[in-house]
Amino acid sequence: MTKWLRSGRRRDICFLLAAAEDGELRGQQLKSRLESHYDDRLEPKSFYGSLSALVDAGFVEKRTVGLHDVYALTDAGTQRVRDHYAWIRDCLEE
């Protein structure tokens, strides 16, 4: 696993994007879903720093639609999510 997915928050962002109905979410949608899951408020600077790290690493792509930034997994991000899911599944089946 690359260092960019060692962070639980970065992994969770990738899993939320993988589960998104259209395969993409606006930044605020991602932040709100994480806050709901964590039952805690996330500092915007920290959240968007994690998201930017994923974009810089090539796991997430960012595009602008109107006034909003929209994020989606790249092929590399999708593969990392699948690999991590398989690893978790294997661990739980042991």
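A residue counts as buried when its relative accessible area is under 20%, as exposed when that area is over 50%, and as partly exposed in between. Keep those words handy for this tour of a predicted model. By that yardstick, buried residues make up 31% of the 94 residues in the protein.

**Stop 1: the whole chain**

Begin with everything shown as a cartoon. How many helices and strands are there in the protein? You should find 4 helices and 3 strands. Trace the chain from the N terminus and the elements come in the order α-β-α-α-β-β-α.

Now zoom out and look at the overall dimensions. Along the principal axes, the C-alpha atoms fill a box of roughly 45 × 30 × 25 Å. The radius of gyration of the protein is 13 Å, which agrees with the value near 12 Å for a compact globule of 94 residues.

Contacts tell you how the chain comes back to itself. Take the contacts between residues at least 6 apart in sequence: 50% of them join residues at least 24 apart.

**Stop 2: the surface and its charges**

Switch on the surface view. The accessible surface of the protein comes to about 6,200 Å², and carbon and sulfur atoms account for 47% of that surface. Next, colour by charge. There are 15 positive and 16 negative side chains, and the centres of these two sets lie 6 Å apart.

**Stop 3: helix α2**

Select residues 27–38, which form α2. Inside this helix, pick out Gln29. Gln29 is partly exposed, with a relative accessibility of 27%. Then add Leu16 to your selection: Gln29 and Leu16 are 13 residues apart in sequence, and their C-alpha atoms are 9.9 Å apart in space.

**Stop 4: the loop after α2**

Move on to the loop between α2 and α3, where you can select Asp39. Is Asp39 buried or exposed? With 70% relative accessibility, Asp39 counts as exposed, because the cut-off for that word is over 50%. Check the backbone here as well: phi of Asp39 is near 55 degrees, a positive value in a residue other than glycine.

Leu42 sits in the loop between α2 and α3 too. Leu42 has a relative accessible area of 5%, so this residue is buried. Which residues is Leu42 in contact with, leaving aside its neighbours within four places in sequence? They are Arg9, Lys31, Leu34, Glu35 and Phe47. For a distance to try in your viewer, go from Leu42 to Ser32: the two are 10 residues apart along the chain, and their C-alpha atoms are separated by 8.8 Å.

**Stop 5: a pair of rings**

From Leu42, step across to its contact Phe47, and show the side chain of Tyr48 as well. A search of the whole structure finds 1 aromatic pair. In this pair, the rings of Phe47 and Tyr48 have their centres 4.8 Å apart and their planes at 80 degrees, so the arrangement is edge-to-face. Turn the view until you can see one ring plane against the other.

Compare how much of each residue can be reached. Phe47 is buried, with a relative accessible area of 0%, whereas Tyr48 is partly exposed at 29%.

Conventions: Residues are numbered from 1 along each chain as its sequence is written. Side-chain values use heavy atoms; hydrogens and water are left out. Rings of Phe, Tyr and Trp (its six-membered ring) pair if their centres lie within 6.5 Å; planes under 30 degrees apart count as stacked, over 60 as edge-to-face and the rest as tilted. Buried means under 20% relative accessible area, exposed over 50%, partly exposed in between (1.4 Å probe, protein chains only). Helices (H or I, at least four residues) and strands (E, at least two) are DSSP runs, numbered from the N terminus. The radius of gyration is taken over C-alpha atoms; the globule rule is 2.2 Å times the number of residues to the power 0.38. Contact means heavy atoms within 4.5 Å. Accessible areas come from the Shrake-Rupley method with a 1.4 Å probe; for residues, only the protein chains shown count as cover. Lys and Arg count as positive and Asp and Glu as negative; His and the chain ends are not counted. The place of a charge is taken as NZ of Lys, CZ of Arg, CG of Asp or CD of Glu.
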